[in-house]
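Hi everyone, thanks for coming. Please bring up the structure on your screens, and we'll walk through a few spots together.

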Amino acid sequence: MFDGIQRRVVSLRFPRLASERVLRHCRVEGPFALTLKQQNANRIYCLNTAATQKGLHQGMSYADARAFCPDLQSRVAEPAQDQRFLQILCRWATGYCPWVGLEGDDGLVMDITGSAHLFGGEEAMLAHMRSRLMRAGLSVQIGLADTRGAAWALAHYGEGVAPSGKTQAALKALPVAALRIDAQMATTLQRLGLRSIGDLVQAARAPLNRRFGPTLLRRLDQALGAEPEEVSPHVPPPHYAIRMSLPEPIGLVSDVMAGAERLLGQLCAKLKAQEMGGRQFCLTLRRVDQGHQQVELRLARPLRDPTRILPLFERGLAEIDAGFGIDLLRLEATQVESLPAQQISHVSDGGKDKLDDLVSRLGIRIGLENILRFLPADSHIPERSFIMAPMAYSDPAEGWSRQRPRPIYLFPPEPIAARGSRPPKRFRWRRMSLTTGRATGPERIAPEWWLEDDNWRSGLRDYWRVETLQGRRLWLFYTPQNPGWFVQGEFA
């Protein structure tokens, strides 16, 4: 890539990335640590300098840490947020060179070949990085060398700069663990008397290859430059957001809808290029007084059709207070899902699209979680033969089986006064006097003994379909093990 120019690589390690990310937003005086549940125990995940000075260390159980340091303040760690913050630092580092990648969970690797002169040399560049990170409240360990492995070793075990062409001399005194090998291999090498990288270089390679395999020698050659190791730049995930600044403030709903239509067309084109569909959208409106208002939209299905999405914003925009005017619009797809292109068919599926649009409109008013559909369940118990799931997050099922007719309306069993094992000729139910016209049954259903259910403690049930002379078609059952009659459902 750079013919005739010696390659130079910088490794940045943030030893307290997680704790310092939290402390940037809430200052804490004294010992502070983040905890994470590991192997059924709450352990120290990351801590600040004050906690380290108290003798605490990473991996220590939280109970022991509180015993050593009663005034320890703690919070629950969020590794996902830490990775997001590391990606933000990765974008920040591109201000120094274009080739920046992630190095584990707490570091960055940068190929600064041909970039150092823009900052007055390598020493000036590293000093500029360190000062900016310190102002941001982040501690950092920096290593600079000709290879990626050597830079990593210097950042983790001997912070400093290896002069160009003198990588082996800079790594000679570092422990063998600086070669990015696992702890067990490093321990075995130390027991054999190979404690430093210099000892490993002088040892015979053939016995090492037989004993430890090719991994050890490959890491050694990568660190010394005998085997190349590239720096792959981190490619951030696509960000689906479009913004538009207005030369003059607007306030009418029609004007805001026109702006949203313009943004939506660009955003949907971006979604289409990535074969994605938006499930949730957020339209942010900034007023001239710097106030912000948002209109959130949740859809029943992922979409990227502007003509179907735009009308759904109208209800939310009608409730917006524009104040003295809106001067900026920002539309973001906050949740996206895969939506691959489909083959165009002569068979129209417009009915499904209309149903999805209807669910989306109703979901804006009452919430998508409140629109439910019935799905079959594998159980012969009447009240367990179905489940209710949000319609927006489930697909219709075709596995409905109808071996025996079931009532259209089920309710908890309601007792009635009757005797005998056959349906009564006359009975009272819900203050109504009913006369049996025809009874069909019985259908015996046994309880599911492997499940605890108080409603089935009476044992077996004999179900009957009873048609009354008054027009009611009821579902009655009799419990022979604990004699009694109950009404549980009603047919259409």
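Let's begin with a charge and a ring: Arg461 lies over the face of Trp456, at 3.8 Å from the ring centre. By "over" I mean that NZ of Lys or CZ of Arg is within 6 Å of the ring centre and within 35 degrees of the ring normal. Arg430 sits the same way over Phe411, 4.7 Å from the ring centre.

A quick word on what you're looking at. This is a predicted model, where local features need pLDDT of at least 70 and side-chain atom pairs count only at pLDDT 80 or more, while totals for chains, interfaces and linings use all residues. Residues are numbered from 1 along each chain as its sequence is written, and side-chain values use heavy atoms, leaving out hydrogens and water.

Now, rings with rings. How many aromatic pairs does the structure hold? Eleven. Rings of Phe, Tyr and Trp (its six-membered ring) pair if their centres lie within 6.5 Å; planes under 30 degrees apart count as stacked, over 60 as edge-to-face and the rest as tilted. Trp92 and Tyr96 make an edge-to-face pair, 5.4 Å centre to centre with 70 degrees between the planes. The pair of Tyr478 and Trp485 is tilted, because the planes are at 35 degrees, with the ring centres 5.2 Å apart. Both Tyr478 and Trp485 are buried, meaning under 20% relative accessible area, where exposed is over 50% and partly exposed is in between (1.4 Å probe, protein chains only). There is also one aromatic cluster, formed by Tyr463, Trp475, Phe477 and Phe486.

Trp92 takes us to helix 4, residues 79-93. Helices (H or I, at least four residues) and strands (E, at least two) are DSSP runs, numbered from the N terminus. Helix 4 has 15 residues and reaches 21 Å from its first C-alpha to its last, close to the 21 Å expected, which is 1.5 Å times one less than the number of residues. Its buried residues are Asp82, Phe85, Leu86, Leu89, Cys90, Trp92 and Ala93. Why do they line one face of the helix? Because, seen down the axis, they fall within an arc of 155 degrees, taken from the directions from the helix axis to the C-beta atoms. The face turned away carries the exposed Ala80 and Arg84.

Among the elements covering the buried residues is helix 1, so let's finish there. Ser19 lies in helix 1 and is buried, at 0% relative accessible area. Beyond its neighbours within four places in sequence, Ser19 is in contact (heavy atoms within 4.5 Å) with Phe32, Leu34, Cys46, Leu47 and Asn48.
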